[in-house]
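Work through the exercises below with the model open beside you. Try each task before you read its solution.

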Amino acid sequence: MVVRILTLLCLLLLVGCQPQKKVEDPNRVVVKVAQVVSGQTLEVVGIGEQPSLITQVRLLNIDAPDLQQRPWGDAAKQRLETLIGGEQFVTLEFDVEVKDSFGRTLAYAWKDRVLLNQQLVKEGHGLFAPRSPNNKYDRRLERAQQWARLMGEGIWNPQKPMRLTPGEFRRQYR
């Protein structure tokens, strides 16, 4: 009887020491960034059944200045490149709608536990632009924008404010 109990305890101990299988979150995927297109758009590799296919990803719920909106568009793109860093891997997190009307994948981007969408808005490199039903981080993004405005960061700099929102700029100059 004692031998059986000891054997059972040893088996339980061995099973408990086995590495746990990592449960994958279907709403998150780690991808390699091929290129930062703008302050709100990435081209990535590693989504879907064809992992070598390049996919365009639009960062959810932010509107960064257009590249022709100088100097803010260039600054937003450069800051996103810096946040992603040399090891160009990010985690994409999806919300309710995964694609927009242009066929771009919609996602929140994470790097080293930092929500890049939020960081860009907090530093004044973009506007919070809620797009229902994708609203998982709306409160965080709204607070980030309030912070940037209060601190006069980036596009909110009182000495050199951005006069047109990115949407207004695109409508006026395209």
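The exercises cover fold, salt bridges, pocket and surface.

This is a predicted model, in which local features need pLDDT of at least 70, side-chain atom pairs count only at pLDDT 80 or more, and totals for chains, interfaces and linings use all residues. Residues are numbered from 1 along each chain as its sequence is written, and side-chain values use heavy atoms, with hydrogens and water left out.

**Exercise 1. Fold**

Task: State how many helices and strands the protein has, and give their order.

Solution. Step 1: take helices (H or I, at least four residues) and strands (E, at least two) as DSSP runs, numbered from the N terminus. Step 2: count them. The protein has five helices and eight strands. Step 3: read from the N terminus. The order is α-β-β-β-β-α-β-β-β-α-β-α-α. Step 4: add burial (buried is under 20% relative accessible area, exposed over 50%, partly exposed in between; 1.4 Å probe, protein chains only). Of the 174 residues, 39% are buried.

**Exercise 2. Salt bridges**

Task: Find the partner of Arg-28 and say where each side chain sits.

Solution. Step 1: apply the criterion, a side-chain nitrogen of Lys or Arg within 4 Å of a carboxyl oxygen of Asp or Glu. Side chains of opposite charge can pair when their charged atoms come close. The whole structure holds seven such bridges. Step 2: the partner of Arg-28 is Glu-93, with the closest N and O atoms 3.0 Å apart. Step 3: place the two. Arg-28 is in strand β1 (residues 28–36) and Glu-93 in strand β5 (residues 89–93), so this pair links distant parts of the chain, 65 residues apart. Step 4: compare burial. Arg-28 is partly exposed because its relative accessible area is 34%. Glu-93 is at 2%, so it counts as buried.

Task: Explain why the bridge between Glu-123 and Arg-79 ties together separate parts of the sequence.

Solution. Step 1: the N to O distance of this bridge is 2.5 Å. Step 2: Glu-123 lies in the loop between α3 (116–122) and β8 (127–128), and Arg-79 in helix α2 (residues 72–84), so the pair joins parts 44 residues apart in sequence. Step 3: Glu-123 counts as buried because its relative accessibility is 18%. Arg-79, at 24%, is partly exposed. Step 4: look for shared partners. Arg-28, Glu-93 and Lys-136 are joined into one network by salt bridges.

**Exercise 3. Pocket**

Task: Describe the volume and lining of the largest pocket.

Solution. Step 1: define it. On a 1 Å grid over the protein atoms alone, a pocket is an open set of points where a 1.4 Å probe fits, with protein on both sides within 12 Å along at least five of seven lines; lining residues have an atom within 4 Å of a point. Step 2: the volume is about 480 Å³. Step 3: of the 25 lining residues, Gln-40, Thr-41, Arg-58, Arg-104 and Arg-170 are closest to the centre. Step 4: sort the lining by class. There are eight nonpolar, eight polar and nine charged residues. Step 5: follow Arg-58. Arg-58 forms a salt bridge with Asp-63, at 4.0 Å between the closest N and O atoms. Both residues are buried.

**Exercise 4. Surface**

Task: Which residues make the nonpolar surface patch of about 350 Å²?

Solution. Step 1: use residues with over 30% relative accessible area and no salt bridge, joining nonpolar side chains within 5 Å. Step 2: the patch is made by Trp-147, Leu-150 and Met-151. Step 3: Trp-147 lies in helix α4 (residues 138–151). Its relative accessibility is 40%, so Trp-147 counts as partly exposed.

Technical notes. Grid points are joined across faces, edges and corners, and a volume is the space filled by probe spheres set on the points. Ala, Val, Leu, Ile, Met, Phe, Trp, Tyr, Cys and Pro count as nonpolar, Asp, Glu, Lys and Arg as charged, and the others, Gly among them, as polar. Patches are made of residues with over 30% relative accessible area and no salt bridge: like charges are joined within 9 Å, nonpolar side chains (Val, Leu, Ile, Met, Phe, Trp, Tyr) within 5 Å. Accessible areas come from the Shrake-Rupley method with a 1.4 Å probe; for residues, only the protein chains shown count as cover.
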